[in-house]
Amino acid sequence: LFNGVYPFYLQQRKAFVFDVSTIIVIVVFLTFTCSFLLIIPGIRGRARLYWTLRVLLSLVVGVVIVAVQFTGDWETGWVKANTSYKSFSRALVNADIGLHVGLAGVNVTLMGNPVNQVNETIDYNEHFSWSFDADYDHSYSEGLERGLPSPILYVAEKFTRQSPCGVLRQYRISGHYASATLWVAFCTWLISNMLFSMPVLVYGGYMLLVTGAFMIFSLLSFSTVRNSLMCPIQFGTETLHVGYGGSFWLTLAIALLCFVSGITVVALHYINLDLLKTFFDLREEEAEEYQEMNEVYVNPSFVKK
């Protein structure tokens, strides 16, 4: 105690879903989108609709592939419980406790219900990184030194090296390979856009299929953490259960979109190539060139001769 008060210190907060990196990625892709919307009025006819659909779908795929690298809700769970708030204290608080797992770390949230209890504002959100360039145990030790609330330390302790759960190594390796395969998917997405602009349509469709495949590989890599038995996170009679979060399902949805788009492009290439060229604004260019060739002014005197 310090003059009869438990020592709590200020620390940096980090959002459990959106952080600075995610916001930067979204702003960059929104800039590309706004730039395209500014030039879209210059495209004539039905090609304007086709261009808008193609570009927006492509940007959605790209922003999701990059953004989910930095989100913290691949796995998430909440529980409401009456629990002790501080060490060496019998005071109980009613709070919502959340666990949010990302590819590079975990966020533990503690929000009082109501927020103001025991003469304090109970609103915490702590990030513990397990990436290969970070020391999770060191982050946990810093939390002990700062005097974080007991529920946060209890949940964070489940992922330490000394914990009997032994899930830190599995989460670290799974998150690392999931992130690596997503970056490969981003590269194949770039290649597919290059092939569509050349244009080599069928090969662009193949690269979309490859993009979806690597996104599925990232999901399978992250899913291997389910092979490890997670220690129960118990708060009295309540248990914190964790399930797949929004980033996981969003990645799955975009992967399926890549599969559907790729299969459609490849199928149209072999079934109806003219329709595919029309969608990619190739038929209209040929028609315009043909029309310009027909608009020829001939000297009448030359015709008479």
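Here are four short exercises, each with a worked solution, on a predicted model.

**Exercise 1. The salt bridges**

Find how many salt bridges the whole structure holds, then place each partner in its element and say whether it is buried or exposed.

*Solution.*

Step 1: Start with the count. A search of the whole structure gives three salt bridges.

Step 2: Take lysine 86, whose partner is glutamate 120, with 2.5 Å between the closest N and O atoms. Lysine 86 sits in the loop between strand E1 (75-84) and strand E2 (92-101), and glutamate 120 belongs to strand E4 (residues 120-129), so that distant parts of the chain, 34 residues apart, are linked. Lysine 86 has a relative accessible area of 14%, and because the limit for buried is under 20%, a residue with such a value counts as buried.

Step 3: Move along E4 to glutamate 126, which pairs with arginine 146 at 2.9 Å between the closest N and O atoms. Arginine 146 lies in helix H3 (residues 136-146) and glutamate 126 in strand E4, so this pair ties together parts that are 20 residues apart in sequence. Glutamate 126 is buried, at 3% relative accessible area.

Step 4: Stay with helix H3 for the remaining pair, aspartate 137 and arginine 161, where the closest N and O atoms are 3.9 Å apart. Aspartate 137 is in helix H3, while arginine 161 is in the loop between helix H4 (150-157) and H5, 24 residues away. Aspartate 137 counts as buried at 14% relative accessibility, whereas arginine 161 is exposed at 55%.

**Exercise 2. Backbone angles around E3**

Which peptide bond is cis, and what is its omega? Then inspect phi of valine 118 and of asparagine 119.

*Solution.*

Step 1: The cis peptide bond joins asparagine 113 and proline 114, with omega about 10°. Proline 114 is part of strand E3 (residues 105-117).

Step 2: Go on to the loop between E3 and E4, where valine 118 is found. Phi of valine 118 is near 45°, which is positive although the residue is not glycine. At 37% relative accessibility, valine 118 counts as partly exposed.

Step 3: Asparagine 119 is also in the loop between E3 and E4. Its phi is near 60°, again a positive value in a residue other than glycine. With 84% relative accessible area, asparagine 119 is exposed.

**Exercise 3. The largest pocket**

Give the volume of the largest pocket and work out which element supplies the largest share of its lining.

*Solution.*

Step 1: The volume of the largest pocket is about 840 Å³.

Step 2: Its lining has 30 residues, and Arg54, Val55, Ser58, Phe196 and Phe280 lie nearest the centre.

Step 3: Two or more lining residues come from each of H1, helix H2 (47-67), helix H5 (168-197), helix H7 (246-271) and helix H8 (273-279). H2 gives the largest share, eight residues.

**Exercise 4. Record and model**

Compare the transmembrane regions listed by UniProt with the model, and locate the nonpolar surface patch.

*Solution.*

Step 1: The unreviewed UniProt entry lists residues 20-39, 51-71, 177-196, 202-225 and 246-271 as "transmembrane region".

Step 2: In the model, residues 177-196 are 100% helix and 0% strand, with end C-alpha atoms 29 Å apart. Residues 202-225 are 92% helix and 0% strand, and here the end C-alpha atoms are 37 Å apart.

Step 3: The patch on the surface consists of Val20, Ile24, Val28 and Phe32, which together have about 390 Å² of accessible area. Valine 28, one of these, is in helix H1 (residues 20-39) and is partly exposed, at 38% relative accessible area.

Terms used
Residues numbered from 1 in each chain as written. Predicted model: local features only at pLDDT ≥ 70, side-chain atom pairs only at ≥ 80, totals over all residues. Heavy atoms only, no water. Patch = residues over 30% accessible without salt bridge, like charges linked within 9 Å, V, L, I, M, F, W, Y side chains within 5 Å. Areas by Shrake-Rupley, 256 points an atom, 1.4 Å probe, with all protein chains shown as cover. Salt bridge = Lys/Arg side-chain N within 4 Å of Asp/Glu carboxyl O. Helix = DSSP H or I, 4+ residues; strand = E, 2+ residues; numbered from the N terminus. Buried < 20%, exposed > 50% of the residue type's maximum accessible area, 1.4 Å probe, protein only. UniProt positions renumbered as here; feature names shortened; annotations may be inferred. 1 Å grid on protein atoms, 1.4 Å probe; cavity = no way out; pocket = protein on both sides within 12 Å on 5 of 7 lines; lining within 4 Å. Points joined across faces, edges and corners; volume = space filled by probe spheres on them.
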